[in-house]
Structure formats: structure tokens, C-alpha cells
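The following note is offered to a colleague who wishes to read this structure alongside its sequence. The points are numbered so that each may be checked in turn.

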Amino acid sequence: MRRVIVTERLRRQYRQRFEAFLESIQTYCRGYGLSCTRSTTEVPFDQLILRMMRSAGVTQ
Amino acid sequence: MIGFAGVPGSGLAGPIAQVQLAAPQLALWGLLAVPIIALFILRVRLRREPVSTLLFWDQLLDDRRRRAWWQRLRSPLSLLLQLLLLGLVVAALVDPLWAWQAAQPRRVVLVVDNSASMNARLPGDATDRLEEAREAAASIVRSLRDRDRMAVVTAGGLPRVHLGMTDDLRRLRTAVATVPATDAPDQLAAAVTLARQLLASEKFSNAESEIIVLTDGGSGTKLSTKESAGSQEASSEAASSEGASAAPPVTFYGLGRAADNVAITAFQVRRSVADALSYQILVEVSNFSRTAVERRLEIDLEQSPVDVVPLQLDAGQVWRQTLDHTSIEGGELVARLVAPAATSDVEPADSEPADALSSDDVARAVLPRRDPVPVVLVTPGNLFLQNVLAAIPGVALTVTLEVPAEIPAGGILVLHRTVPDELPPGAVLVIHPEKSNELWQIGDELASPLVFGQTEETPLLAHLRLQNVALAGARRLEFSVEAEPLLASPTEAPLYARLSRPEGEVLVLDAELEQGDLPLRIAFPVMMKNAVEWFLGTKGELQPALATGQSTVIRAPAQGAAWLLRSPRGETFPLSTDSDRLSIGPLPQTGVWRVEPRDDRERGDRERVVALAVNLTSAAESDLREASDFAPPPAATLAGVGGYSMWIYLAALAVIGLVGEWILYQRRVVA
């Protein structure tokens, strides 16, 4: 973990770049017919996979 | 160099001790540095915000790190700038004083010599002496601080308070820039006295008061002999001799350089007392140069050339001459000194001045106009008498057979043979009366009507020698009023007599013109001309030209009217009309001043306008050979650096620092 002290202006610039990054992922998935789900790292990976499969109707 | 020494007498010497503080208690504002430093140390409480990746931070921060190495110094630089800003503001608040501002508060009376010699300008100089004085005065005004007060007094002509005591710098700047130029001699002694009275009314100790005189010092009437002695110390000694708390110190500053000048130092005109047409011009030209010069004196009457006199004047020579000319018309007589290279066709204003001072190169005088004299001749007919009277210059002759009831105003009645029982009031010349009346009784005809006795020293018989001339037909006349015989027979019978009566003078000549040879003699027209001029008297013979700065009293042209005085530049001044006399002056400009009715409708009436010629004619003002002995005004010392108070510079620097801090704030990134 790295700790940085930023000004409000820098924090806003960071947010803009992050949102742009997520938007580019969503656009890519839609273009290739892929499913895309956003989640935080606090959610366990297996639970995330199960949730994705349930939402896709692959399993109950 | 500037240092700060808030405590006088602290042992600091030299430039360090040259600056004092007007408000040292305001230095406490410097304690604001403590919160500034504290705010710098105490950083803002940070807000924690977790993010999912550091990828973008690296991108953003790397961009900024690459921009400038000195950005690492931003924060300490900002602190330094803020502290500097505070320091400048506090320094401006304590109001440090230059050395020339240390003796505070000051009460200054600035005496500006705006006399005629201050208009002198050497060829090639951009400004005249008065402009130099204005600039020096402006520099002195800039040296004033808020609590200082100054008055401006002018010394040209009658000393005047141009601006009273004030601390309004704007008004003072305007006042010194508008000190008017005059052509009058200086009155420095009176001006300094006026300045002292101004300071005495200010209720301040003399130690804080000062009189500063800006003068060219070229005039003999200036205070250069005793009181000033060219220095402040001398006048201080004079003050101490008058009393402990007497006069404030007087400091003289000299202006201008020595210059050569040629001037008209006298110019007057008068009508000749012996001739109705003639007039005499008295003119004096002085060469106040160190070398011989050539000039041409051109004299015009109402713009018509009258005389041109070439002059060759040695150094210091004074040329004086009386010139005789004739003219029945009066008007403005103008004398000009012209350099030989110049031509009279060129207007003086357009040509290069012949010398340093131009106002004394022109002089004016007013020649009284000869109004036609109405002469009424009552005669059964005599060609000689009629032609002689008609030939006298300025006579408007009327011939009639009837004696008029009254004589025209200012006129003369000539009675030839025909006489009434009672003469009308006024001037009457009687020639060979045919009958007696209230003033004389006619007796027997004289057996020997020769002129034996002739009264000397009377203008009635000027240029005449009539002994043994026969006046045919003369009779013995006995006068009932006091009579002065002018010509008498051997038996002492009056042949030509002057009678005094309250209603007017009467002349009686007993000679039968048709029989004797008197009309054929050259003496007869001379006798008639003498009689006419004697009746006219010397009224209006002299209308003296005034010197600048001189006052005069004239009789009002008419009763019961309001009058104004018009200057040569067209300015008008109302005149008091308490009596039939008008007090005029002192007149500060050369040229022709006019007393006119205030009513516009009456202004065209020439009889109601009085012209007054005013000339410089002051050798003291025209003599510019000696430069001033006084030191020139030390403008740099008086004005300091740029002439402004130190707090203005400090405040300006603070503003610059504020702009710098604002720029830093806008670009500030703490990383």
C-alpha cells in the first residue's frame, strides 16, 4: 500500500481517469458480447463466480 | 542609502541614521508573522480515501514531478513571500522618513519671484527662469508630508498670497504650476514680510517654520544686500538680532544665468505746449550687455511708421533722445527695439527675440488726440482774418454775422467789430470793437497808434516783436474790469489787453484790419495762433505712460457710470465708483490698459474710454548681467528618491509580493 497526499484538484483528475478506464472495459465487453460485472476486492472470488453464473442462468 | 534608526541619538551615524519612523508603534503588526508561520506548520487535516488501484496516481504524479525541479521549493518560497509581504506592509505602516522629512511637521512659505526679469530666457534655453522656479517649487511640494503645510506667495509687483496655508498637495501642485508671469518689478522684501505674517498666524514655533525664496536675484531691489546675504545663516542672525522668537529662517535659491539685454528704459510722449500739432517723444535705450550692440528703434503711431533710429550702443551705454513729430490725431505710440537682421514687417511674436528679455524691447505711450476746436467768427467780412483762423491747425471755423447766444463747449468766439452789450460766457477774442459795452469804454482815436510797450514772457506774444508796428484805427480803451495790457502805445493806451472775468477770459485787440498793415505782417497769424492756443490751455497735453507695478488715480470719463479695467490680454476687472476718481493699479503687465464703461452699449464711445500705457522701464529688471549669488535649488536633496515618501515605495513592493503569492497559490501542489 502506498500513501499519497493529494489536492482536491488531483483527486478529481484521478476520478476522471478511473471512470474513463471502467468505461473502456464496459465498451470492450459490449463489443464482443461478453458479460461484465463490477465488484470490489472484498468479495471472495468463488462467490463472485457463482453470482455471475446465477445471473447468467447457468446454475441455480 | 536607507537605514532604519527608530531612536534618535542611538549612536548610529551616517546613512543608517538618516531614516526615522513616524509611527514606530505600528511595528507591532509584525507579530502577524507568528500565525503565518503557525499556519504554515499546522497542515490541513487529511481526509482518508481508499482507491482500488495506484496505476493512475503514478501517471498523474509522474507528470507533475517532471515539470520543474524548483517546485520542491514552492512551499518554503510561499512562506518567505508571505513573510516578506507582511514585512513590507508593516514597514509602510510605521512610515519611515527620509532625511529631508525628519524635521516634521514643517510650515513653509514659498516665495516665488515672478517679476519681469524672471521671464528672461537665453537663446537656446527651453524654459525661462519662471519655469525653472515652478519646477523647483514642484520639487519642494513633493518633499512635503501629510502633516506639513505650505503657502505660496508671489513677489512680482504687489506681493500676493497665491495660495494660503494648506496641506493639500494637489492644490499646492496646481498653485506652483500656475504662478502667473508678470512684467512688474519684484517686491521681495515686502513678500518676505508677508510670508512672516502668514507664519506668525500659524501658531507654530519658528523652529518648524521656514521661508523659501526662489528668485533670479538680479534686481537691485531684492534682499541681496543685507537681510538674505545669500544664505540661511545670515537671515537667522538677522532674526536673532530682532528677537528670540522673531523671524523664521529665510532660505534663498538662485535661478537663471547671466545674460545680455538691451532695453527701452524710458518712453513718454507729450503734446507740445507751443504747437497744437507737435508732440515730443522722450525715449531712453540702455545697453545692459557686456559688448557693443546694434539695434534699430522703430516708432509707430497707430501702426503708421513715425521714425526709425539706428543705434550703436557701447557696453553699458545709455542713449537718450527727444524726438519731435507732428500729428493732430492721437493714439497708441509704440516703440520697438529690433535687431538689425530682422525686418519690421515681421511681427515681434513670430520673430526670434533680439535678447533674453523681450518685454522691455517694446514700449508704448498714448498720444492725446487733438479734438478740433470750434471757433465762431462773427464779422461783417474780413478775408485776412477768416483765412488766418482757418489755417490754424485743429480749428473748426464757423463764420457768421450774428453773435451766438452761447459759445460751443470748448470753443472760442472771435468778435470782429460786432460786439453785443453783454459778452456770452467763455473764451472771447475781440478785434476792433465798434462800440462800448459792459467791459470797456471806447474813447478817442489815438494820434500815434504805434506799439511802444510789449509784455514779455507771455505765451500770447511768443515769437513776436511788435515794437513800432502801427495798429491803425486804434482808440483809447478804458476797461471796467481788471486788465493786463499786452501791447501799449507810447501814451500807455492799451492796444492789446487781457481781461479777467469769472465767466471766461477775454482778449481785446484794437486794430482796424482793413486800414493798417498788421494783417500783412507775418506777426498777425502768429498772434492769432498764440491766442487760440492760449485759450485752449494745456489740457490733455500729457498722458504719462506708467511703469509696471505702479498705481495711479484718474478722473472718471463721465459721472454716474460704472467702470471696468481691461488688461492688454483682455481680462476685465471692475473698478470702484465711489467718487469721480478711479484708483487703478498696480498694473502688472506691459501694454495698453483701458478704462471702459461696464455697459456694453457705451463702450464704442471713444470719449468714454481712457487708455493707459504701461511699460517695464525698470533698469533693475532689465539688467541681467549679474547672475544670482544664491545657490541653485537642491532638487535632488529636497525631493529624495523620486520625491515621494518611503511608505509609497514599500506599499508598491507589497503589492508586487501579493501578486507573486497569488500566482504561487494558483499553481500550488503539495505532493
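**Notes on the predicted model**

1. B:D300 counts as buried because its relative accessible area is 18%, and the cut-off for that class is under 20%. The structure under review is a predicted model, and the values in this note should be read accordingly. B:D300 forms a salt bridge with B:R336, and the closest N and O atoms of the pair are 3.7 Å apart. B:R336 has a relative accessible area of 23% and is therefore classed as partly exposed. Since B:D300 belongs to strand β10 of chain B and B:R336 to strand β13 of chain B, the pair ties together parts that are 36 residues apart in sequence.

2. The two strands that carry this salt bridge also pair with each other. Strand β10 (residues 293-301) and strand β13 (residues 331-338) of chain B are antiparallel and share six bridges. Within this pairing, B:I299 is placed opposite B:A335 of β13(B). In general terms, strands of a sheet pair through backbone hydrogen bonds, in either the parallel or the antiparallel sense.

3. The same strands belong to an open sheet of four strands in chain B, ordered β11-β10-β13-β14, with antiparallel pairing. Its edges are formed by β11 (304-313) and β14 (362-367) of chain B, each of which pairs on one side only. On average, and ignoring direction, neighbouring strands of this sheet are turned by 15 degrees against each other.

4. Over all chains, the whole structure holds 23 salt bridges. One of them joins B:E284 to B:R320, with 2.6 Å between the closest N and O atoms. This pair links distant parts of the chain: B:E284 is in strand β9 (residues 278-288) and B:R320 in strand β12 (residues 318-326) of chain B, 36 residues apart. The partners differ in exposure: B:E284 is buried because its relative accessibility is 13%, whereas B:R320, at 54%, is exposed.

5. Where do B:K435 and B:D421 lie? These residues form a salt bridge in which the closest N and O atoms are 3.2 Å apart. B:K435 is in the loop between β18 and β19 (440-445) of chain B, and B:D421 is in the loop between β17 and β18 of chain B, so the contact ties together parts that are 14 residues apart in sequence. B:K435 is partly exposed, with a relative accessible area of 33%. B:D421 has a relative accessible area of 52% and therefore counts as exposed.

6. A further network of salt bridges links A:E8, A:R11 and A:R15 of chain A with B:E49 of chain B.

7. Which residues of the largest nonpolar core touch the most other members? The core has 40 residues, and those in question are B:L466, B:Y496, B:L507 and B:M528. Elements of chain B that give two or more residues to this core include the strands β15 (373-378), β17 (412-416), β18 (427-431) and β24 (506-509), together with helix α8 (383-391). The greatest contribution, eight residues, comes from α9(B). As a general tendency in soluble globular proteins, nonpolar side chains are buried together.

8. One of those core residues, B:Y496, also takes part in strand pairing. B:Y496, in β23(B), is the bridge partner of B:L487. The strands β22(B) and β23(B) run antiparallel and are joined by five bridges. Their hairpin has five residues between the strands, and in it B:E492 adopts a positive phi near 65 degrees. β22(B) also pairs with strand β20 (residues 453-454) of chain B, in the antiparallel sense and over two bridges. In this second pairing, B:L487 stands opposite B:Q454.

9. Chain A contains two helices and zero strands. Of its 60 residues, 10% count as buried. The accessible surface of this chain is about 5,200 Å², and carbon and sulfur atoms account for 54% of that area.

10. Chain A also contributes a nonpolar surface patch of about 390 Å², made by A:F45, A:I49, A:M53 and A:V58. A:M53 is located in helix α2 (residues 45-56) of chain A. A:M53 is classed as partly exposed because its relative accessibility is 32%.

How values were computed: Residues are numbered from 1 along each chain as its sequence is written. Chains are lettered from A and ligands numbered from 1 in the order in which they are written. This is a predicted model: local features need pLDDT of at least 70, side-chain atom pairs count only at pLDDT 80 or more; totals for chains, interfaces and linings use all residues. Side-chain values use heavy atoms; hydrogens and water are left out. Two strands pair if DSSP finds at least two bridges between them. Axes are lines fitted to C-alpha atoms, for helices over the stretch in contact, and angles run from 0 to 180 degrees between N-to-C directions. Patches are made of residues with over 30% relative accessible area and no salt bridge: like charges are joined within 9 Å, nonpolar side chains (Val, Leu, Ile, Met, Phe, Trp, Tyr) within 5 Å. Accessible areas come from the Shrake-Rupley method with a 1.4 Å probe; for residues, only the protein chains shown count as cover. A salt bridge is a side-chain nitrogen of Lys or Arg within 4 Å of a carboxyl oxygen of Asp or Glu. Buried means under 20% relative accessible area, exposed over 50%, partly exposed in between (1.4 Å probe, protein chains only). A nonpolar core is a set of buried Ala, Val, Leu, Ile, Met, Phe, Trp, Tyr and Cys residues joined through side-chain atoms within 4.5 Å.
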